[in-house]
Amino acid sequence: MPTFIVRRANQEPKFAEVDGDEIVIGRDPSCAVVLAEPTVSRQHLVIRKYPPAEGGAEPQYIIDGVKPTNPVMINGEFIRERILLKEADELQLGDTHVVFSVRRDAQAHYIKESSHYDGVCAPCGWTGRLGRHNRSPRCPACGAPITER
């Protein structure tokens, strides 16, 4: 069962363990992962559970139905099509960061790990939380390189 670690600037992370064949992330209270984010639509993103790949033991989780009106970044890159989620992938919806994990100890692991930092874009002034695994982060507003503050 996947865990979603929801992080917003200056807030403690929230953890959502979600089971099911379809996981909806959005503002609507009926969503499996609810984000109180004005730039996120009511049903912003759908993640579907698929059987394990041949020879695999774990189910696969794939983001389906990406729409241009509902932008999503994964590990600092905008996605425009279906994508297979991997352990520690970081989704960004508006100013909210959501880390995907299938680890059984996800909550303990991600509280211990400081995998994020506050970044700033010098040209436009954008600020937000970024994953340390993204080696060359770009500003979601203007595309310029982001630096740690």
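The exchange below goes through the strands, a buried residue and the cores of a predicted model.

Colleague: What makes Thr3 buried rather than exposed?

Modeller: Thr3 has a relative accessible area of 4%, and buried means under 20%, so Thr3 is called buried. Thr3 lies in strand 1, residues 3-7.

Colleague: Which residues are in contact with Thr3, leaving aside its neighbours within four places in sequence?

Modeller: They are Phe15, Ala16, Glu17, Val99, Phe100, Ser101 and Ala106. Each counts because contact means heavy atoms within 4.5 Å.

Colleague: Where does strand 1 stand in the sheet?

Modeller: The open sheet has six strands in the order 2-1-11-10-7-8, so strand 1 stands between strand 2 and strand 11. The pairing is antiparallel.

Colleague: Why are strand 2 and strand 8 called edge strands?

Modeller: Strand 2 (14-17) and strand 8 (77-78) each pair on one side only.

Colleague: How do you know that strand 10 pairs with strand 11 and with strand 7?

Modeller: Two strands pair if there are at least two bridges between them. Strand 10 (residues 90-93) and strand 11 (residues 96-101) have four bridges, and strand 7 (residues 73-74) and strand 10 have two, so both pairs meet the cut-off. Both are antiparallel. Gln92 takes part on either side: its bridge partner in strand 11 is His97, and Met73 stands opposite Gln92 as well.

Colleague: What joins strand 10 to strand 11?

Modeller: The two strands form a hairpin with two residues between them. Gly94, in the turn, has a positive phi of about 65°.

Colleague: Which way do the residues of strand 10 point?

Modeller: Glu90 and Gln92 point one way, Leu91 and Leu93 the other, and all are buried. In a regular strand the side chains alternate between the two faces of the sheet.

Colleague: What makes a set of residues a nonpolar core, and which residues have the most contacts inside the largest one?

Modeller: Such a core consists of buried residues of nonpolar types joined through side-chain atoms within 4.5 Å. The largest has 21 residues, and Phe4, Ile47, Leu91 and Leu93 have the most contacts inside it. Strands 1, 3 (22-26), 5 (45-50), 6 (60-64), 10 and 11 each supply at least two of its residues. A second, separate core of seven residues includes Tyr117, Cys121, Trp126 and Ile146.

Definitions and conventions. Residues are numbered from 1 along each chain as its sequence is written. This is a predicted model: local features need pLDDT of at least 70, side-chain atom pairs count only at pLDDT 80 or more; totals for chains, interfaces and linings use all residues. Side-chain values use heavy atoms; hydrogens and water are left out. Buried means under 20% relative accessible area, exposed over 50%, partly exposed in between (1.4 Å probe, protein chains only).
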